[in-house]
Amino acid sequence: MRIGVLTGGGDCPGLNAVIRAVVRKGVQSYHHSFIGFADGWRGPLENKTRTLGIPEVRGILPRGGTILGSSRTNPIKVDGGIERIRKHLAELGVDALIAIGGEDTLGVATRLHAEGVPVIGVPKTIDNDLGATDYTFGFDTAVNIAVEAIDRLHTTAESHHRALVVEVMGRHAGWIALHAGMAGGANLILIPEVPFDIDKVCRFIESRFESHYAPIVVVSEGAVPKEGTMELVCGDTDAFGHVRLGGIGDRVAKEIEARTGAESRAVVLGHVQRGGTPTAFDRWLATRFGLHAIDAAHDQDWGSMVALRGTHIVRVPLAEATRELKLVDPTLYAEAEVFFG
């Protein structure tokens, strides 16, 4: 077969490891050929391609980002977008697609499968919020980057007797904040799943200062206050209808300073969490996902996604993986609450 490969949505460490594994096993074990689509769904939509063979994937295992490029292009929102993709695939002689991405990218893949396009999904997101898989690659790297930042911020917070608010990524799910906050010894963690009371937040801050230690608050970008406790500012939306987030860390820091009188600062990690070299775990997981994705394509198990269950890689229906987001379980958040204040 001739198989197309694309990486959509936000970039993350480990994407290149998937591409490498797909191509290496696909060529060496199954004698398939590959074509890379540039910039996510924009590639097959606009017929933007690049050569993808074994020479092109040498040396990319430790590289962050994606050699194919990415975008948040949504072909479903483009007039005739699905038909344009089908037409370009036919013209290029592409027999199937391997789509590597998160909820939006795989949501498009699910729609294409329903329209009869042979497609296999690979789950990617630093947010770790895709259903049907225990972990997505990119998450471990993002958490480790956030933990290193928190470790460094502890010392400067103590030196200046400040409250520091660390904003991490996490639109709908607080997995990064929860893991990084617990591993980094944060004194408070705010996640989208649990609306926070700013008055209670300030009481925790005051309690921490009373013990002669400076507090660190870790907050997901999608965290929201309880209704009426704090004003929330929203931004524009992207092609998938998501509000562009950012700013909750600064808002919380200002409220803390205004309500407690304690000097407060916000640190927004932002895209730093997406960049750089993937951790060993993410390289391992991404590589295994790639190996099993090409197996699924070779078996013509269309409409499936590879997923991690325990230590095993399994196949699940794309529709199941994209049906609903995987959110933080309240019992896990309750474990972290032991260390608040």
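Helices (H or I, at least four residues) and strands (E, at least two) are DSSP runs, numbered from the N terminus. Residues are numbered from 1 along each chain as its sequence is written, and side-chain values use heavy atoms, with hydrogens and water left out. This is a predicted model, where local features need pLDDT of at least 70 and side-chain atom pairs count only at pLDDT 80 or more, while totals for chains, interfaces and linings use all residues.

**Exercise 1: salt bridges within helices**

Task: Find which residue of helix α6 meets Arg-152 in a salt bridge, and describe how exposed the two partners are.

Solution:
1. Start with the criterion: a salt bridge is a side-chain nitrogen of Lys or Arg within 4 Å of a carboxyl oxygen of Asp or Glu. The structure holds 15 of them.
2. The partner of Arg-152 is Glu-148, at 3.2 Å from N to O.
3. Both belong to helix α6 (residues 139-160) and are four residues apart, about one turn of the helix.
4. For exposure, buried means under 20% relative accessible area, exposed over 50%, and partly exposed in between (1.4 Å probe, protein chains only).
5. Arg-152 is exposed, at 56%, and Glu-148 is partly exposed, at 44%.

**Exercise 2: a network**

Task: Work out which residues are linked with Arg-259 in a network of salt bridges.

Solution:
1. Begin with the pair Arg-259 and Glu-255, whose closest N and O atoms are 2.7 Å apart.
2. Because these two are four residues apart in helix α9 (residues 248-260), about one helical turn separates them.
3. Check the accessibility: Arg-259 is partly exposed at 37%, whereas Glu-255 is buried at 12%.
4. Now widen the view: the network links Asp-199, Arg-251, Glu-255 and Arg-259.

**Exercise 3: the sheet and its edges**

Task: Give the strand order of the open sheet of seven strands, and explain which strands have one side left without a neighbour in the sheet.

Solution:
1. Use the pairing rule: two strands pair if DSSP finds at least two bridges between them.
2. The order is β3-β2-β1-β4-β5-β10-β11, with mixed pairing.
3. β3 (49-52) and β11 stand at the edges with a single partner strand each, so each has one side without a neighbour in the sheet.
4. Neighbouring strands are turned by 30 degrees against each other on average, direction ignored. Here axes are lines fitted to C-alpha atoms, for helices over the stretch in contact, and angles run from 0 to 180 degrees between N-to-C directions.
5. At the β3 edge, strand β2 (residues 33-37) pairs with β3 in the antiparallel sense over four bridges, with Phe-37 bridged to Thr-49.

**Exercise 4: strand β10 and its surroundings**

Task: Decide why strand β10 is largely enclosed, and trace its partners.

Solution:
1. Five of the six residues of β10 (residues 304-309) are buried, so the rest of the structure largely encloses this strand.
2. With strand β5 (residues 119-123), β10 pairs in the parallel sense over two bridges; Ile-120 is opposite Ser-304.
3. With strand β11 (residues 312-317), β10 runs antiparallel, joined by six bridges. One partnership sets Leu-308 against Ile-313.
4. The two strands form a hairpin with two residues between them, and Gly-310 in the turn has a positive phi of about 70 degrees.
5. Finally, α10 lies across β1 (2-7), β2, β4 (96-101), β5, β10 and β11, and runs at about 145 degrees to β10. Contact means heavy atoms within 4.5 Å.
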